[in-house]
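Please take a moment to look over the sequence and the structure shown below. The paragraphs that follow lead through them step by step.

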Amino acid sequence: MLCQQCKQRPATVHFTKIVSGEKSEYHLCEQCAQEKGDFFAKAAQAFNFNHLLSGLLNMESSPGVPVPAGAPVRCETCGMSYTEFTQIGRFGCPDCYDSFSARLDPLLRRIQSSETHTGKVPLRAGEQVHARKRLQQLRQELQRAVALEQFEQAAKLRDEIRRLESQFGGEEGR
Amino acid sequence: MSLGEFLQHGMSQWIRGGGPDDDIIVTSRIRIARNLQDIPFPVLQTDSHADEVIHLVQQALSNKSVQQIGRFEFVRCSDLSALDRYMLVEKHLMSRDLAEQVKHGAIALTDDEVMSIMVNEEDHLRIQCIMPGFRLAEAWQQANRVDDALESLLPYAFHERYGYLTACPTNVGTGIRASVMMHLPGLVLTGQIHRMLSAVSQVGLTVRGIYGEGSESVGNLFQVSNQITLGETEEEIIGNLSSIVHQLIEHERAARRALLSQNRGDLEDRVCRSFGILAYARKMDSKETLQRLSDVRLGIDLGIIRGVSASILKELMVVTQPAFLQKYFREELTPGERDIRRAALIRERLRLDDTEVH
Ligand SMILES: [Zn+2]
Ligand SMILES: [Zn+2]
């Protein structure tokens, strides 16, 4: 739909105004909404915030945007497809984040200030995060030790890895 | 029950109490979104998933470590009447979505209703702390303590890179929404409000009217909140919001001073006229109620009206809403009947105070 004011740009601001019982509908582009005065500009903001997300999501799924190779179309855990996600704007389960991460990062960069959490880390999950990082590091050291034929060092590293794995279930991913 | 008793009873602390800068800041609110590992988000929940979440949360809340921080009363939405659910909505403790989520929803509340936890709303848990006045940091501390205690008992869904995982990507990361409800009649009456608000929305904050449909803001009440939840720490988010709110407070105070010095006659007329209407009208719709209450509260803050308690705006903005009205009058009321009863309730409330109009 084109803006009813300038009839040039697409109407992105839609609202109904009721003045003493008289109902008028407005379909304006953002520029004309701004010119209509601050009252309407604020309406535009409210509208944009609510629809920002689904707008972005639909842009993501538009045919022009190439799908990253190997990106799954569906979350294996809950069965939600990326298309369904773009339609309702909600993920189906916590694993959806990893299932869709290839497409998610550009989206997060746009709707958030970055795609990496810098805030609070829960104590318990934090320990796991820490242990996982340590495991990764130990495995790399083990490979290096084996390559350099430092077998005594390698045995020590292997024991440490086993200890950590049994403590945290050796759980990978996420 | 008399109105006085009614107001004493079912009222949250944010409605009765005061706090710093409460001539402008109505409430400070922190809401934290959390989810449990390995259970689908509420949008894909089956009955048994919902029961599992409810069971886990209820169990955690009855644990000693949580009870030391707050004694929560836990209730499923299906055990509340529609009226009770909508009264919680009107007290800003429950979302409209949860009130309608009768089958899977639940809510936990502390006695003073400062802390509340919505269960199976959009996320498994929505931990809320709401306080009167400008107390964002304190509200965050309190919500954070409850979150810590729950985290030691519940397997939260947490991602190394994305942080706390939420159903909607606009909440992921910290999962925090900090918001402040502001009464800004000075900025509205001096025509500065839209300039201010559009400036605020350009620094990563969201502003919306509290009441009124869509674009409209009724009663000069605005909510300012953070938009970004990922990539900033909780302290940064609260700090940014606080510094903007401080500036809005200064501008509002300056606007009120300007109105008093340059437009005193008009201002007094407006305030007293609204007081007169509230005191004598026989029919009041909710929109006019909020507008008149805003004028009266401004009159109280500026010393034009004396003897009326400052909490009247908060009290009446809650109890003149449909569910509270019907609870107080103990009958179902059509919108037309509500307008008559609303006017009666307001007159009664004003008679509880010893008013002087100067
Ligand atoms: Zn236009
Ligand atoms: Zn999923």
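How are the donor residues of the zinc ion (ligand 2) spaced in sequence? In this predicted model, their spacing follows the pattern C-x2-C-x14-C-x2-C. The protein donors are the SG atoms of Cys75(A), Cys78(A), Cys93(A) and Cys96(A), which lie 2.3 to 2.4 Å from the zinc ion (ligand 2), and the angles among these four donor atoms run from 97 to 124°, so that the site is tetrahedral. Cys75(A) is placed in the loop between helix 2 (38-60) and helix 3 of chain A, whereas Cys96(A) belongs to helix 4 (residues 96-99), so this pair ties together parts of the chain that are 21 residues apart in sequence. Cys75(A) is buried, having a relative accessible area of 1%, and Cys96(A) is likewise buried, with a value of 0%.

Chain A as a whole contains seven helices and two strands, and along the sequence these elements are arranged as β-β-α-α-α-α-α-α-α. Of the 174 residues in chain A, 34% are buried, and among its contacts with a separation of 6 or more, 37% are accounted for by residues 24 or more positions apart. The accessible surface of chain A amounts to about 10,500 Å², with 51% of that area belonging to carbon and sulfur atoms.

On the surface, Ile88(A), Val43(B) and Leu44(B) make a nonpolar patch of about 220 Å². Ile88(A) is part of helix 3 (residues 82-88) of chain A, and because its relative accessibility is 41%, Ile88(A) counts as partly exposed.

Key. Residues numbered from 1 in each chain as written. Chains lettered and ligands numbered in written order. Predicted model: local features only at pLDDT ≥ 70, side-chain atom pairs only at ≥ 80, totals over all residues. Heavy atoms only, no water. Patch = residues over 30% accessible without salt bridge, like charges linked within 9 Å, V, L, I, M, F, W, Y side chains within 5 Å. Areas by Shrake-Rupley, 256 points an atom, 1.4 Å probe, with all protein chains shown as cover. Salt bridge = Lys/Arg side-chain N within 4 Å of Asp/Glu carboxyl O. Helix = DSSP H or I, 4+ residues; strand = E, 2+ residues; numbered from the N terminus. Buried < 20%, exposed > 50% of the residue type's maximum accessible area, 1.4 Å probe, protein only. Donors = N, O, S within 2.8 Å, 3.2 Å for Na, K, Ca; no water. Tetrahedral: all angles 85-135°; square planar, octahedral: opposite > 155°, others 65-115°. Contact = heavy atoms within 4.5 Å.
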